[in-house]
Amino acid sequence: MAQLPLYYKNGKPTAPPLKRWKENYLFLLVFVAFVVLLTGNLWLVPEPDESSTEYSKFNPSGALSSLNVEPFAETLDDSDRVEIRSLNENAPRPNASNPKLGIVVLEAEESSPKKEAVEPGQERSPIPTPDEMEQGQVSDVVNENGNTEKTDASQSPDTHPTSSSSQPPSAPPAEAANSVPEQRRREIVELARNAWNDYVNNAWGDNELKPISHKGHSPVIFGKTQLGATIVDSLDTLFLMGLREEFEKAKEWVQLSLDFDRVPAKCDVSVFEVNIRYIGGLLSAYSLSKDEIFKDKAVEIADKLLPAFNTPTGIPKSLINLKTNAIKNWGWASGGSSVLAEFGSLHLEFQYLTHLTGNPVYLEKVQHIRVKLQAMAKPDGLYPNFFNPTTGRWGTKHISIGALGDSFYEYLLKSWLMTSKGDTEARDMYYDAINALEKHIIKKTSSGLTYVTDLRNNRPDGKMQHLACFS
């Protein structure tokens with residue numbers, strides 16, 4: 001057995017001598033510096049100002065009143081104004097019926113072409129529904145004098161396309177061609193045409209164009225396959241800008257080349273990205289042009305995504321293999337969790353699919369997500385960014401209206417508006433969420449700058465994401 005060394009003093013064994021005091025001091029100094037580096041970030045978090053929770057309440061008397069919006073506001077009469085309400089007010093919300101989210105509401109609009117008295121919170125949207133345009137029903141529009149008038153959609157093919165032969169908007173009248181707004185429109189259209197031509201000439205069929213190298217790119221979220229994401233995503237813009245030749249070229253590519261069966265078996269695709277880029281892009285193109293090819297392609301792709309919902313909770317996973325129907329979540333997403341901004345940004349497209357096809361499965365899938373979220377206990381009324389679709393529990397307590405959370409809140413508001421304000425469930429979920437977010441994540445620095453932070457384990461991290469700027 002090895003024997004420990006002995007130290008002697010005056011011929012007697014004794015304990016080993018202590019290190020010199022300078023060495024001890026140096027060791028202590030290094031240790032203190034290490035502790036400071038680990039905890040120093042806590043001292044850099046700006047001191048929150050409790051008064052910042054007011055944050056102008058999104059009220060006309062608050063920060064928004066400084067924007068120059070009066071010229072637009074003057075063109076609307078009282079019946080067409082969007083109500084701006086304080087998010088913290090306790091006024092009761094209208095006890096409107098909640099039909100099956102959109103389908104009943106839109107069908108009810110079809111049978112009521114005249115503007116009738118409605119309950120508060122149920123004001124009819126000045127934007128006609130797709131079916132009103134399709135069937136040529138009378139819709140309310142705002143004329144150039146700021147007054148609402150009745151217009152038969154069937155008599156205005158350039159404004160409200162109603163058939164499969166619909167074309168993008170025509171050029172403006174000659175007398176308006178030299179106006180300042182029209183000059184600006186032409187410049188914007190030329191910029192869009194230039195960007196489109198660059199894509200056509202250098203990356204046609206690829207999902208994206210690298211603007212510096214002028215090379216095509218097809219990222220992993222689309223299965224590393226040339227699926228023309230830019231083509232599909234641009235359809236509605238090309239239509240609205242009156243770029244007819246470009247729109248027809250894009251439509252031809254969709255009809256002949258858009259095929260998700262080409263994604264190889266070794267690759268997965270993102271359910272969220274495929275939904276917002278392809279299904280959303282195709283449905284927008286159909287809503288504008290009424291060309292059946294766009295609706296048919298949207299249904300075809302949506303059906304391929306349905307297996308992603310086959311989880312114990314019904315909350316879809318993020319990735320799906322289109323050959324095997326195997327599903328999984330991102331490896332970085334909080335222990336196999338689904339992402340709020342992803343599974344929470346399916347409702348608009350899937351609801352519209354049910355409306356167009358009469359197939360209830362699409363709406364049922366996304367409505368179940370709402371039911372599940374409504375039943376979950378939410379910390380301080382907040383929605384964490386991660387939800388485990390297997391255990392039915394929240395993942396890491398990270399709350400954000402930047403990446404991972406942003407579009408969930410956007411879709412709630414748009415679902416309410418898209419159903420002519422009939423989807424009151426979406427409206428109430430939106431207001432409740434915004435009230436909680438306003439209370440907990442809107443902060444001010446010690447110098448008085450307002451910012452929107454993330455919460456990590458109930459603590460503000462003192463950072464504002466670029467995506468949160470859209471809030």
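**Salt bridges, rings and a small set of strands**

In this predicted model, the side chains of D261 and K304 come together in a salt bridge, with 2.7 Å from N to O. This pair ties together distant parts of the chain: D261 sits in the loop between α7 and β7, K304 belongs to helix α9, and their positions lie 43 residues apart in the numbering. D261 is partly exposed, with a relative accessible area of 48%. K304 also counts as partly exposed, at 23% relative accessibility.

What brings such partners together? Side chains of opposite charge can pair when their charged atoms come close. Another salt bridge is made by the side chains of K251 and D291, at 3.1 Å from N to O. Here again the pair links distant parts of the chain, 40 residues apart: K251 is in helix α7 (residues 244-257), while D291 is in the loop between α8 (271-289) and α9 (292-305). Are these two residues buried or exposed? K251 is buried, and D291 is buried too.

Not every salt bridge reaches across the chain like that. E190 and R193 are both found in helix α5 (residues 180-203), 3 residues apart, which is about one turn of the helix. Their side chains meet in a salt bridge at 3.1 Å, N to O. E190 is partly exposed, with a relative accessible area of 43%, and R193 is partly exposed as well, with 25%. The story doesn't stop with two residues, though: E190, R193 and E246 are linked in a network of salt bridges. The count of salt bridges comes to 15.

Now for the rings. The count of aromatic pairs comes to 15. In one of them, the rings of W196 and Y199 have their centres 6.0 Å apart and their planes at 40 degrees, so the pair is tilted. How far apart along helix α5 are W196 and Y199? They are 3 residues apart, so about one helical turn separates them. W196 is buried, with a relative accessible area of 6%, and Y199 counts as buried at 3% relative accessibility. Ring pairs also bring in W204, joining W196, Y199 and W204 into a cluster.

Charged side chains turn up over rings, too. W204 has the charged end of K249 sitting over its ring, 4.7 Å from the centre. Likewise, K290 lies over the face of Y286, at 5.7 Å from the ring centre.

As for strands, one open sheet is built from 3 strands in the order β7-β8-β9, with antiparallel pairing. Why is one side of β7 and of β9 left without a neighbour in the sheet? Both β7 (269-270) and β9 (327-328) stand at the edges, and each has a single partner strand, so one side of each has no neighbour there. β7 pairs with strand β8 (residues 319-320) in the antiparallel sense, over 2 bridges. For V269, the bridge partner in β8 is I320.

Finally, a word on cysteines. How many disulfides does the structure hold? It holds 0 disulfides. Among the cysteines, C267 counts as buried, at 10% relative accessibility, whereas C469 counts as exposed, at 57%.

Notes. Residues are numbered from 1 along each chain as its sequence is written. This is a predicted model: local features need pLDDT of at least 70, side-chain atom pairs count only at pLDDT 80 or more; totals for chains, interfaces and linings use all residues. Side-chain values use heavy atoms; hydrogens and water are left out. A disulfide is a pair of cysteine sulfur atoms within 2.5 Å. Buried means under 20% relative accessible area, exposed over 50%, partly exposed in between (1.4 Å probe, protein chains only). Two strands pair if DSSP finds at least two bridges between them. Helices (H or I, at least four residues) and strands (E, at least two) are DSSP runs, numbered from the N terminus. A salt bridge is a side-chain nitrogen of Lys or Arg within 4 Å of a carboxyl oxygen of Asp or Glu. Rings of Phe, Tyr and Trp (its six-membered ring) pair if their centres lie within 6.5 Å; planes under 30 degrees apart count as stacked, over 60 as edge-to-face and the rest as tilted. A charge sits over a ring if NZ of Lys or CZ of Arg is within 6 Å of the ring centre and within 35 degrees of the ring normal.
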